[in-house]
Amino acid sequence: MCWIFAYKWTGIACDFLIDWLKNLEYRWYDSAWVSLISDDWEIYVEKAIWKVSNLASKIENDKKDLSKYHVWIAHTRWATHWWVTLENTHPHHSQNGRFFLVHNWIIENYIDLKKELTQVWYKFYWNTDSEIVANLIEYTFEKDLETTMKKVKELITWAYALVVIDKQNPNQIIAIKLWSPLVIWISADNLFLSSDANALSNITQKYIPIDDNEMVIIDKNNYKIINNQKEIEKDSFESIKNTTQNDMWDFKHFMLKEIFEVPNIIENILWGRINFQNYEIKSNSLDKLDLPNIKKIEIIASGTSYNAWMIWTYLFEDLADIPSQIHISTEFKYKKQFINDKTLYIFISQSGETADSLECLKMVKNRWWKTFWIVNVVWSSIARLCDNWLYTHCWVEIWVASTKAFIGQLLTLIIIALYIWNKNNLDYTKYKKIIDWLAKLKDDINMVLLNSHKVEEIAIKYANFKNMFFLGRNMFYPLAMEWSLKCKEITYNHTESYSAWELKHWPLSLIQEDFPTILLNPESKLYEKNISTLKEVQARNGKVIWILSQNDEHKLEYFDTIEVPKSNEYNSLFTIWVVLQLFAYYMANNLWREIDKPRNLAKSVTVE
Ligand code: M6R
């Protein structure tokens, strides 16, 4: 799984190439490479493992005159097959050194193809599926690359975005795709192919998304798109220009910057959809829902998006009075499904590219079930496939740990629940009260951010504990799950989350002085129950970090406390979320972790 990028330029300085590749680095960062081709058939290839800056240094040391190369393909890699080594780093090329390619995802029939090619005396320099495709192109070559790629497309199975160059035709780039995202970007003088919008946000906003089974041929300054052997016309779109998303401002890490963007995101989401004067919720997408016929909601997501949903099931059942069930994406796909036309299937994804979720969406759509998507990236595959959707309006989330997207998801979900609640004529006084609280949410979050030094102090104190429990009850239990996920993801410390009710069933056996517990207990209907949990942990010499509402009268008894503004349970979910993000961040910072690029992970998980 990699992130690819190719372009045909007319005179842009080569320094930009590395900048664009750096803009893609947030996606994958195991290795990077670049391959350039000149008019006189000269190919220049450079590779480096880990950071793009390593590649940049190598290119600088090579002291090449890059201005004569005008077709460029490159990628940043996230290893799926074999280790992170130079040998495994693309580009892969055919045996005769004529065809070079970059490939995302995995060719599943590569072992059979390799057997066939070996029988006709092909030798392989490495073991990757991508090298096999390069040789398949050489072996099946007929007439020109376009004709050959049409044949190759029929021979390879599942799944790819492949960009290929032919040394003997240095003006052409050909790409084919199945599942893995691919977009053409068009500027006044240049054509680009990319898996991601972010690389080019400063250059052009005009794009054409490529669909499965289509082929793109870029030749000199023109492009054509082929579908089913015929050239087709496709509409272009304009993405929203955001020139600040790749800028870290004065923050030490993107993660911190994105946490501090949350108050503005809240404003973006709420003020666009809720009228705080007359309590109306405006949304064309929600108006399209056939509410009287929705008797159940099934929800499908992965990772942090799954945790946002988990919280929502509590909220939603409470607010909208409709049963809901949540599934981890891939588990859903391989589990027996009971088709029911009274069920609405809702998917949620920050990136809109998560393969596990995307596959479930296609499966659901194939059976004509109703689908709804909550997604952040407007041009993503998921956004283009769904019947009906809401965008989370969080701007691009740059680095691996999901931060502000979670807030966007949760807030959007609350809006959906409130909308359904109102339409179903449930308790209007309670509905209005929640909206009044939401109007205060931005100020509450600002308050927590202002006191971030207190969170930092406690996070540093606990950074070196190798094990930790996170406990919460009811909707604060999935919030504890998210806290634990974030700590593991960026600190590599072992943490576990449980519903506080579970403690006595077995987790208590692990409690001792060096195994602290974070307990989420803002003002809520289960406050007293949580006090009992605290006592149980204390009685076993366990250290406790207590997250509570301001002016809590029990405060003095506790070992360490972090306060959030006194509010209703819904607002507390958000303020505690900010505390949890800051806590995980400051712990990881204290441990000198590479916070924006946690080991072994990728931003978008585009393989199953
Ligand atoms: O883009 P998605 O929301 O579909 O991504 C789902 C997960 O891969 C993602 O939330 C992941 O768990 C994050 N790195 C967690 O911080």
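What follows is a chat about helix 18 and some salt bridges in a predicted model.

Colleague: How far apart are the end C-alpha atoms of helix 18, and what should the helix span?
Modeller: Helix 18 runs over residues 527-539, which makes 13 residues. At 1.5 Å a residue they should span 18 Å. The model agrees with that, since the end C-alpha atoms are 19 Å apart.

Colleague: Which residues of helix 18 are buried, and where do they sit around the axis?
Modeller: The buried ones are Tyr527, Asn530, Ile531, Thr533, Leu534 and Val537. They cover an arc of only 160° around the axis, so they are on the same side of helix 18.

Colleague: Which strands do the buried residues of helix 18 pack against?
Modeller: Glu528 and Ala539 aren't part of this, as both are exposed on the other side of helix 18. The partners of the buried residues are strand 23 (467-472), strand 25 (517-521) and strand 26 (544-549).

Colleague: Which residue with a positive phi follows helix 18?
Modeller: Look just after the helix for a phi near 60°. The residue there is asparagine 541.

Colleague: Is glutamate 146 buried or exposed, given its salt bridge with lysine 224?
Modeller: In that salt bridge the closest N and O atoms are 3.3 Å apart. The pair links distant parts of the chain, 78 residues apart, with glutamate 146 in helix 5 (residues 145-155) and lysine 224 in strand 13 (residues 222-227). Lysine 224 counts as partly exposed at 24% relative accessibility. Glutamate 146 has a relative accessible area of 15%, and the cut-off for buried is under 20%, so glutamate 146 is buried.

Colleague: Where in the chain is lysine 543, the salt-bridge partner of glutamate 513?
Modeller: The closest N and O atoms of this pair are 3.6 Å apart. Glutamate 513 is exposed at 53% relative accessible area, while lysine 543 is partly exposed at 23%. The two are 30 residues apart: glutamate 513 is in the loop between strand 24 (494-499) and strand 25, and lysine 543 is in the loop between helix 18 and strand 26.

Colleague: How many residues apart in sequence are the parts that glutamate 523 and lysine 566 tie together?
Modeller: Their side chains meet in a salt bridge at 2.3 Å, N to O. Glutamate 523 lies in the loop between strand 25 and helix 18, and lysine 566 in the loop between strand 27 (560-564) and helix 19 (569-590), so the parts they tie together are 43 residues apart.

Colleague: How many salt bridges turn up in the whole structure?
Modeller: The pairs above are among those found by a search of the whole structure. The total is 19.

Definitions and conventions. Residues numbered from 1 in each chain as written. Predicted model: local features only at pLDDT ≥ 70, side-chain atom pairs only at ≥ 80, totals over all residues. Heavy atoms only, no water. Helix = DSSP H or I, 4+ residues; strand = E, 2+ residues; numbered from the N terminus. Expected span 1.5 Å × (residues − 1). Buried < 20%, exposed > 50% of the residue type's maximum accessible area, 1.4 Å probe, protein only. Arc of directions from axis to C-beta. Contact = heavy atoms within 4.5 Å. Salt bridge = Lys/Arg side-chain N within 4 Å of Asp/Glu carboxyl O.
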